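Trainee: Before we discuss the ligand site and the empty spaces, may I see the sequence and the model?

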Amino acid sequence: MASQNSDDSSASIFVKNPTIKFTKLFINGEFVDSISGKTFETIDPRTGEVIAKIAEGDKEDVDLAVKAARQAFDHGTWPRLPGSERGRIMMKFADLIEENAEELAALETIDGGKLFSMNKAMDIPQAASSLRYYAGAADKIHGEVLKMSRELHGYTLQEPIGVVGHIIPWNFPSIMFSVKVSPALAAGCTMVVKPAEQTPLTALFYAHLAKLAGIPNGVLNVVSGLGSTAGSAISSHMDIDVVSFTGSTEVGRKILQAAAASNLKVVSLELGGKSPLIIFDDADVDMAADLALFGILYNKGEICVASSRVYVQEGIYEELVKKLVEKAKAWVVGDPFDPKVQQGPQVDKKQFEKILSYIEQGKGEGATLLTGGKPLGEKGYFIEPTIFAEVKEEMLIAKDEIFGPVMALAKFKTIEEAIKRANNTRYGLAAGIVTKDLNVANTVSRSIRAGTIWINCYFAFDNDIPFGGYKMSGFGKDFGLEALHKYLQVKSVVTPL
Ligand code: TAP
């Protein structure tokens with residue numbers, strides 16, 4: 001395992017220490033201080049040091065942002081523009097993201113500890129690509145002419161739903177921003193975005209680029225701040241029509257309660273997961289070990305669809321475990337700017353400590369620690385890739401979303417047992433299956449109650465693939481044309497013939 005301080009880097013010194021240009025709230029097309037004048041610190045998880053002080057929005061700032069968004073929706077041009085024109089501006093926004101990809105990727109790395117190489121190759125391009133996907137849909141939003149049983153003429157209109165509140169998490173700040181904002185923009189909505197307090201930097205940069213692209217004032221507002229104040233003000237606001245949230249199941253529940261207690265706004269929740277990866281005896285052991293490791297260690301395990309429970313059929317169990325441990329020991333943890341590094345620091349001290357406490361819990365409950373289990377280095381929030389075997393269903397590490405590089409491994413005999421154990425969770429976000437047998441793949445994918453099933457692959461996302469949860473992983477979809485529909489409402493128009 002690499003030490004955490006490598007000199008070798010693909011990023012220039014400038015990129016590793018980017019100037020922080022945007023630290024204020026973005027309301028009605030302007031960067032402004034919070035009304036209270038308060039700020040909060042955003043931290044570099046590589047060192048624990050403060051990067052910048054960010055304006056801390058609260059209820060009054062959310063009110064101002066919603067007022068601007070409401071004005072832009074009720075009287076502004078954006079919802080009334082031809083879809084093709086909205087699409088053209090969104091394409092320009094995407095171009096500007098690509099022009100600034102290096103700087104955005106670096107901000108994402110210093111704010112959240114994510115790998116610079118992945119940000120540059122994947123997260124930032126995906127933010128642009130999501131805008132382009134929905135830009136292409138903006139002029140194809142239309143209703144239907146209905147077949148009536150009486151002497152009536154009826155048709156539907158697809159209208160933008162109104163003012164949207166987006167509350168987003170810290171694990172994929174750019175992708176989450178774009179995946180929420182793009183379909184809402186295409187639909188003709190106006191919006192307020194609250195980024196996570198750990199990672200506000202890119203959302204504020206995107207606000208600047210949106211203005212440069214020509215998105216009118218008030219259409220896209222960004223209020224950085226805390227969940228308990230700014231986030232809560234969004235979910236309970238009387239003039240927000242829909243809240244689109246990604247984050248923990250616990251906060252998702254609060255948002256639903258706040259929506260019910262306020263104006264019954266529409267809610268979409270993309271919540272936690274405890275996704276199973278089932279590896280059958282006929283799998284290529286080397287490929288399966290790579291997939292299992294990637295499934296839990298990618299983005300340092302801070303991903304809602306992480307394959308945190310791995311079930312291996314008994315015939316290949318011993319061989320697979322041996323490979324997994326070998327590969328986990330060779331996995332490189334360290335400076336996320338170093339191109340050889342595969343895993344950076346956890347996002348913050350709280351998350352770091354939470355993961356370590358789950359590791360202690362796993363040891364205490366009697367699971368076998370095969371490798372890892374400790375923090376790495378003197379500073380920052382680095383944790384060794386950790387694998388537990390003989391994990392029983394009732395253990396906390398098999399049940400809770402840890403959101404870190406911790407795999408819970410178990411052995412199974414039959415396909416029925418694998419399905420039963422995979423479904424033994426309150427979550428239902430995703431699942432993976434590794435087999436060469438098409439019948440097995442089909443049976444298992446139809447039997448698992450989860451929103452996405454990956455067969456012989458993992459984390460295979462695409463703009464056109466709807467993504468969302470079953471059970472306590474939430475409801476409502478991001479990605480795909482499905483996501484567009486959550487920002488539209490259907491109006492029926494009827495006239496006598
Ligand atoms: P959450 O607390 O759920 O944070 C997600 C977003 O919700 C953040 O913007 C947060 O603001 C905001 N928020 C917090 N409390 C709120 C409230 N009462 N009303 C409205 N918005 C509120 O997640 P976290 O604390 O960052 O992480 C905790 C755990 O959640 C993780 O360990 C992980 O298990 C899970 N998680 C899941 C996901 C996904 S993608 N499913 C993503 C992140 C975390 P702040 O910035 O102030 O927190």
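The exchange below treats the ligand, the pockets and the cavities of this predicted model.

Trainee: Which residues come nearest to the ligand?
Mentor: The shell around the ligand holds 29 residues. By class, this shell divides into 13 nonpolar, 10 polar and 6 charged residues. Those that come nearest to the ligand are Trp170, Glu197, Gly227, Ser248 and Lys354.

Trainee: Which residue has a polar backbone atom 2.5 Å from an oxygen atom of the ligand?
Mentor: Several polar pairs have to be told apart here. Ser248 places an N or O atom of its side chain 2.7 Å from a ligand oxygen, and Leu271 has a backbone N or O atom 3.0 Å from a ligand nitrogen. The backbone atom at 2.5 Å from a ligand oxygen belongs to Gly227.

Trainee: How much of the area that the ligand exposes when taken alone is buried by the protein?
Mentor: The polar pairs include the one between a ligand nitrogen and the backbone of Leu271, at 3.0 Å. Taken alone, the ligand exposes 860 Å², and the share of this area that the protein buries is 90%.

Trainee: Which elements each supply at least two residues of the shell around the ligand?
Mentor: One strand and three helices must be named, and the strand is strand 10 (242-246). The helices are helix 8 (227-235), helix 9 (249-261) and helix 12 (349-365).

Trainee: What is the volume of the largest pocket?
Mentor: The largest pocket is the space taken by the ligand. Its lining comprises 16 nonpolar, 13 polar and 12 charged residues. The volume of this pocket is about 1200 Å³.

Trainee: Which element gives the most residues to the lining of the largest pocket?
Mentor: The lining consists of 41 residues, and Trp170, Gly247, Ser248, Val251 and Lys350 lie nearest the centre of the pocket. Helix 8, strand 10, helix 9 and helix 12 are the elements that give two or more residues to this lining. With 7 residues, the element that gives the most is helix 9.

Trainee: Which residues that line the second largest pocket are closest to its centre?
Mentor: This pocket encloses about 350 Å³ of space. Among its 21 lining residues, the closest to the centre are Met122, Phe172, Ile175, Ile303 and Phe461.

Trainee: Which helix supplies the largest share of the lining of the second largest pocket?
Mentor: By class, that lining has 14 nonpolar, 4 polar and 3 charged residues. Helix 5 (116-137) and helix 6 (173-187) each supply at least two of the lining residues. The largest share, 3 residues, comes from helix 5.

Trainee: How many polar residues are in the lining of the largest cavity?
Mentor: The whole structure contains 5 cavities of 30 Å³ or more, and the largest cavity has about 90 Å³ of space. Its lining includes Gly113, Lys114, Asn119, Tyr298 and Gln342. Divided by class, this lining has 3 nonpolar and 2 charged residues, and its polar residues number 6.

Trainee: Which residues are closest to the centre of the second largest cavity?
Mentor: The second largest cavity has a volume of about 70 Å³. Of the 13 residues that line this cavity, the closest to its centre are Ala306, Ser308, Glu401, Ile402 and Phe403.

Trainee: How many nonpolar residues are in the lining of the second largest cavity?
Mentor: The lining residues fall into three classes, among them 4 polar and 2 charged residues. The nonpolar residues in this lining number 7.

Technical notes. Residues are numbered from 1 along each chain as its sequence is written. This is a predicted model: local features need pLDDT of at least 70, side-chain atom pairs count only at pLDDT 80 or more; totals for chains, interfaces and linings use all residues. Side-chain values use heavy atoms; hydrogens and water are left out. A residue is near a molecule or strand if one of its heavy atoms lies within 4 Å of it. A polar contact is a pair of N or O atoms within 3.5 Å; within protein, one must be able to donate a hydrogen and the other to accept it, and residues adjacent in sequence count only if both atoms are side-chain atoms. Accessible areas come from the Shrake-Rupley method with a 1.4 Å probe; for residues, only the protein chains shown count as cover. On a 1 Å grid over the protein atoms alone, a cavity is a set of points where a 1.4 Å probe fits but cannot get out, and a pocket is an open set with protein on both sides within 12 Å along at least five of seven lines; lining residues have an atom within 4 Å of a point. A molecule sits in a cavity or pocket if more than half of its atoms lie within 2 Å of its grid points. Helices (H or I, at least four residues) and strands (E, at least two) are DSSP runs, numbered from the N terminus. Ala, Val, Leu, Ile, Met, Phe, Trp, Tyr, Cys and Pro count as nonpolar, Asp, Glu, Lys and Arg as charged, and the others, Gly among them, as polar. Grid points are joined across faces, edges and corners, and a volume is the space filled by probe spheres set on the points.
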